[in-house]
Amino acid sequence: MLSKIKKYRHGFIIAIYFVVYLILFGYLEQRPVRAYHVVHTVFDDMIPFCEIFIIPYLLWFPYVILTVVYFLFRNKNKREYFQLIFNLMMGMTVFLVVSYIYPNIQHLRPAVFPRNNIFTQLIAEIYRTDTPTNILPSIHVFNSLAVYFAIHHCQALKDKKWIQRGSLILSILIILSTMFIKQHSVIDVCLGTTLALFGHLLFYPQRVEDYEEQRAMAQMSKKKPEQNL
């Protein structure tokens, strides 16, 4: 047992952070706020309510959790694990700071659902447990993209195209779901995406290094024929 704990002790980092995050997020949800900044754009009004998107929205939870579990227990490359969890922690910390200094809210949720079915019932439960405050930037969007980037750069999964494509498709569907079930504004999605791209540049710099190496090799291959002449 002790050997197992020692072997996977690096998993305590994300576990402890997650507990701290939930405590701070709970405080933000309950703290008294004099006034909220309303997040809204004209594009939000153009997006119809579509309850079927609750499916990818809920898939976000196992998607993120199972990916972290895979990188912790199955993937032997610890660097890739730390890239993932530090990226996740960075984005979620930024979200907490923004929520604290810029209290925000959205008024996009329908007062009455256009239909009554299992999907609208699930959305009603989400609405009941999750307030429409503290939505900027969207953690659903950020975490989905952070997880996709981790899978995309994972050496053990580079030849498993179906996982790569499935991860990308699921991430896109999750991002769309946040707007179609009226949990987030287009602004939240854009800022969540921007934050994810920043995290990608910060935690996956080897992509730039690989590009420079390929460019240098291409230039060398061009010079060789000239030298032979």
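This briefing looks at one helix pair and a few unusual backbone spots. Keep in mind that the model is predicted. The helix pair is α4 with α7, and the backbone spots sit in two loops, one between α6 and α7 and one between α8 and α9.

**How α4 and α7 pack**

- Two packed helices are described by the angle between their axes and the distance between the axes.
- Here, α4 covers residues 54–74 and α7 covers residues 139–153; their axes are 10 Å apart and meet at an angle of about 40°.
- The two helices are therefore oblique to each other.
- If you look at the handedness, α4 passes α7 in a left-handed crossing.
- On the α4 side, the contact is made by Y57, W60, F61, Y63, V64, T67 and F71.
- On the α7 side, I139, H140, N143, S144, V147, Y148, A150 and I151 take part.
- Sort the contact residues of α4 and α7 by class and you get 11 nonpolar, 4 polar and no charged ones.

**The loop between α6 and α7**

- L136 and P137 are joined by a cis peptide bond, with omega at about -10°.
- P137 belongs to the loop that runs between α6 (118–129) and α7.
- N134 lies in the loop between α6 and α7 too, and its phi is positive, about 55°, although N134 is not a glycine.
- N134 counts as buried because its relative accessibility is 5%, and the cut-off is under 20%.

**The loop between α8 and α9**

- K182 sits between α8 (161–180) and α9 (186–203).
- K182 isn't a glycine, yet its phi is positive, near 65°.
- With 8% relative accessibility, K182 counts as buried.

Note on methods:
Residues numbered from 1 in each chain as written. Predicted model: local features only at pLDDT ≥ 70, side-chain atom pairs only at ≥ 80, totals over all residues. Heavy atoms only, no water. Axes fitted to C-alpha atoms, helices over the stretch in contact; angles between N-to-C directions. Helix = DSSP H or I, 4+ residues; strand = E, 2+ residues; numbered from the N terminus. Parallel < 35°, antiparallel > 145°, perpendicular 65-115°, else oblique. Left-handed = near helix turned anticlockwise from the far one by under 90°. Contact = heavy atoms within 4.5 Å. Nonpolar A, V, L, I, M, F, W, Y, C, P; charged D, E, K, R; others polar. Buried < 20%, exposed > 50% of the residue type's maximum accessible area, 1.4 Å probe, protein only.
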